Amino acid sequence: MEGESFFASPQFFSLTLYTIGLFSFPINLFGAYCIVFQTPESMKSVKWSMFNMHFWSSFEDITVSLLVQPYLLKSTWAGIPYGILKEFHVPLTLQAYILSTSLCMLAVSIITIFENRYFLLFAEHTWWRFARRPFLAINYTLAILYYVPTVLSAPDQTSARAVTFKEFPEFRKLDTPENPIYVLVLDNPWVSARQIAMEVTYLTEALSLVFLLKYNMKNATKGVKMSENTSRLQKAFLKALYTQTSLPFMVILVPSVVSIFSGILEISTQSVNNLVYITLSCHGLASTTVMLLIQKPYREFCLGIVGKSKRRQKITAISTISRRSVVTAF
């Protein structure tokens, strides 16, 4: 399109997302199994908040790579879905809502797991025990309702497409009766403002909870409020948790920032747009892989599986050699 490379094409975009989705799905499923069945008793208090985060991380993966596949057109709030939901004629407004809400729920689930650790370690007997439920309820409610105004204010599609095609005539050849271009926003700066405000809010909450955890952990060790062994175990777990969430979190944050400001500055290209959502579709895979490598119980379980597999191969090899030896002897 418009002289751009194959990497900007819908065909490359859709094929890449399907490949990522089909590859990441079994890995995410295995990660869910590890959390549910391989979480030790010592991590029981964080088990379901970890599962909650893993669920939304995996759901976001599936939504971007398989269900919706949002092929957003450069410098616009318009796009074409190429995912599975299109085949079932799911309304485009609902697809847009599912996509955006899944990202918000993922961000809230990350905040929830940090809040869980902070509450159980340092705030169980403070005023926070009364404030935490409203805090979490407000976060989840905002995540569910955040994109409703944007969806409800979507413009009339016939006139909106006409305006879009006038400015970007090259998009016409992508528009078909079976899968028309959907214009979600047309000259509405409040959408970008709401998106920036929501991202800043979630990032501020997450960083505040991380700061409180680090600060209180340091004071608890100094004041001997926590035994050295307990402190060591908690620090190791929190370090693994920071790594598990921060690296994949950047997979979401960086593409989102690039997407917002390239649109505002009108410097986006179709290749960059494609790369943003291809990167987003890798979040769950990155999060699950980091979890399996960093969290000790899951890492040991995986190493145990590999070890058993290697032992089986060795036993099979020895058995084969033995049978050959017997045959040779006769």
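## Threonine 201 and helix H8

In this predicted model, threonine 201 is partly exposed, because its relative accessible area of 34% falls between the 20% limit for buried residues and the 50% limit for exposed ones. The residue belongs to helix H8, which runs over residues 189-222.

Threonine 201 can also be placed relative to helix H5. Its C-alpha atom is separated by 9.8 Å from that of asparagine 139, although the two residues are 62 positions apart along the chain. Asparagine 139 is one of the buried residues of H5.

## Helix H5: a buried side and an exposed side

Helix H5 comprises 18 residues, 128-145. The distance from its first C-alpha to its last is 25 Å, close to the 26 Å expected at 1.5 Å a residue. The buried residues in H5 are Trp128, Arg132, Phe135, Leu136, Asn139, Tyr140 and Ala143. These residues lie on the same side of H5, because they cover an arc of only 120° around the axis. An α-helix has 3.6 residues a turn, so residues three or four places apart point the same way. On the other side of H5, the exposed residues are Phe130, Arg133 and Ile138. Arginine therefore appears in both groups, with Arg132 buried and Arg133 exposed.

Leucine 142 is a further residue of helix H5. With a relative accessible area of 40%, leucine 142 is partly exposed. In space, its C-alpha atom is 9.5 Å from that of valine 108, while 34 residues separate the two in sequence.

## Leucine 152 in helix H6

Helix H6 covers residues 148-152, and leucine 152 is found in it. Leucine 152 has 68% relative accessibility; this value is over 50%, so the residue counts as exposed. Leucine 152 and threonine 93 are 59 residues apart in sequence, yet their C-alpha atoms are 8.4 Å apart in space.

## Two non-glycine residues with positive phi

Glutamine 69 is not a glycine, but it has a positive phi of about 50°. It is located in the loop between helix H2 (44-68) and strand E1 (70-72). Is glutamine 69 buried or exposed? Its relative accessibility is 0%, so glutamine 69 counts as buried.

Histidine 89 likewise has a positive phi, of about 60°, and is not a glycine. The loop that holds histidine 89 connects helix H3 (84-87) and helix H4 (92-123). At 70% relative accessibility, histidine 89 counts as exposed.

## Packing of helix H1 against H2 and H11

Helix H1 spans residues 10-38, and its axis comes within 9 Å of the axis of H2, with a crossing angle of roughly 170°. This angle makes H1 roughly antiparallel to H2. The crossing of the two helices is left-handed.

The axes of H1 and H11 also come within 9 Å, and they cross at roughly 40°. H1 and H11 are therefore oblique to each other. H1 passes H11 in a left-handed crossing.

## Helix H11

Helix H11 consists of 12 residues, 283-294. Its end C-alpha atoms are 16 Å apart, which agrees with the 16 Å that a helix of this number of residues should span at 1.5 Å a residue. Which residues of H11 are buried? They are His283, Gly284, Leu285, Ser287, Thr288, Val290, Met291 and Leu292.

## Annotated transmembrane regions

An unreviewed UniProt entry carries the annotation "transmembrane region" for residues 12-36, 48-72, 92-114, 135-154, 236-263 and 275-294. Over residues 48-72, the chain in the model is 84% helix and 12% strand, and the end C-alpha atoms are 35 Å apart. The span 92-114 is 100% helix and 0% strand, and its end C-alpha atoms lie 34 Å apart.

Notes. Residues are numbered from 1 along each chain as its sequence is written. This is a predicted model: local features need pLDDT of at least 70, side-chain atom pairs count only at pLDDT 80 or more; totals for chains, interfaces and linings use all residues. Side-chain values use heavy atoms; hydrogens and water are left out. Helices (H or I, at least four residues) and strands (E, at least two) are DSSP runs, numbered from the N terminus. The expected span of a helix is 1.5 Å times one less than its number of residues. Buried means under 20% relative accessible area, exposed over 50%, partly exposed in between (1.4 Å probe, protein chains only). The arc is that of the directions from the helix axis to the C-beta atoms. UniProt positions are given in the numbering used here, feature names are shortened, and annotations may be inferred rather than shown by experiment. Axes are lines fitted to C-alpha atoms, for helices over the stretch in contact, and angles run from 0 to 180 degrees between N-to-C directions. Angles under 35 degrees count as roughly parallel, over 145 as roughly antiparallel, 65 to 115 as roughly perpendicular and the rest as oblique. A crossing is left-handed if the near helix is turned anticlockwise from the far one by less than a right angle, and right-handed if clockwise.
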